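Here are a few friendly notes to read alongside the model. Please keep the structure open while you go through them.

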Amino acid sequence: MDERDVRLLKAIADLGTGSPESLHEETDIPVSTIHYRLNNLREAGVIENDLYDFDHETLGLGVTVIVEVLADYDDSHEAFGRRLLDIEGVTEAFFTMGETDFIVIARLSSSDTVERLISEFESIEGVERTNSTFAISTLRDESRAPATYDLDTLIEELTE
């Protein structure tokens with residue numbers, strides 16, 4: 001990746017779009033070059049998709065619950081993690097080091113559905129205990145990590 005690629009990725013993160021015209025306005029990189037570089041970044045697996053982002057609150061899934069899962073399981077953490085991911089509402093799951101084995105984030109429609117979520121976690125063989133935390137408000141929900149960096153930092157850390 002070179003500086004132009006990083007500039008494009010930063011612009012995508014900041015603007016929330018991969019529109020070549022918008023990226024050109026932001027970076028002054030020619031539109032034809034943007035098309036070429038975006039295709040290369042997709043082929044390299046850096047850009048995974050062109051999905052639209054959702055405002056979970058407006059959508060009706062505004063209750064965010066962060067669940068620590070302590071478990072004792074015989075199979076791999078990947079296999080156990082898949083069982084956690086099968087529960088409706090779970091949007092992210094992380095295998096962690098330390099006392100907590102997994103951290104799971106779920107987006108739910110109401111606080112009434114939290115009981116269902118926890119019951120489903122606790123019905124999984126190997127779950128010893130859960131610890132749930134309600135998010136009172138969202139301070140940042142940014143799926144595009146480059147948006148949280150200064151451009152100069154990204155160029156310094158990511159270019160060859």
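1. A few terms to begin with. Contact means heavy atoms within 4.5 Å. Helices (H or I, at least four residues) and strands (E, at least two) are DSSP runs, numbered from the N terminus. This is a predicted model, in which local features need pLDDT of at least 70 and side-chain atom pairs count only at pLDDT 80 or more, while totals for chains, interfaces and linings use all residues. Residues are numbered from 1 along each chain as its sequence is written, and side-chain values use heavy atoms, with hydrogens and water left out.

2. The domain assignment splits the protein chain into domain 1 (3–52) and domain 2 (63–135); such bounds come from an automatic or database domain assignment. The centres of the two domains, taken over C-alpha atoms, are 35 Å apart.

3. Let us start with helix α3 (residues 31–43). Its 13 residues should span 18 Å at 1.5 Å a residue, and the end C-alpha atoms are 18 Å apart, which agrees. The expected span is 1.5 Å times one less than the number of residues.

4. Which residues of α3 are buried? They are T33, I34, R37, L38 and L41, where buried means under 20% relative accessible area, exposed over 50%, and partly exposed in between (1.4 Å probe, protein chains only). These buried residues cover an arc of only 130° around the axis, which puts them on the same side of α3; the arc is that of the directions from the helix axis to the C-beta atoms. An α-helix has 3.6 residues a turn, so residues three or four places apart point the same way.

5. The buried residues of α3 pack against α1 (3–15) and α2 (20–27). On the face turned away from that buried side, α3 carries the exposed residues S32, Y36 and E43. Just after α3 comes G45, with a positive phi of about 85°.

6. Helix α2 has P20, L23 and T27 as its buried residues. They cover an arc of only 60° around the axis, which puts them on the same side of α2. Their packing partners are α1 and α3. D28, just after α2, takes a positive phi of about 65°.

7. Now to the strands. Four of them form an open sheet in the order β2-β3-β1-β4, with antiparallel pairing. The edge strands, each pairing on one side only, are β2 (90–95) and β4 (127–134). From one strand to the next, the twist averages 20°. Two strands pair if DSSP finds at least two bridges between them.

8. Strand β3 (residues 102–108) pairs with β1 (residues 63–71) over 7 bridges in the antiparallel sense, and E68 stands opposite I103 in β3. With β2, the antiparallel pairing of β3 runs over 5 bridges, and F95 stands opposite F102. β2 and β3 form a hairpin with 6 residues between them, and G98 in the turn has a positive phi of about 105°.

9. How much of β3 is covered? Mostly: 6 of its 7 residues are buried. Helix α6 (residues 114–122) lies across β1, β2, β3 and β4, running at about 155° to β4. Axes here are lines fitted to C-alpha atoms, for helices over the stretch in contact, and angles run from 0 to 180 degrees between N-to-C directions.
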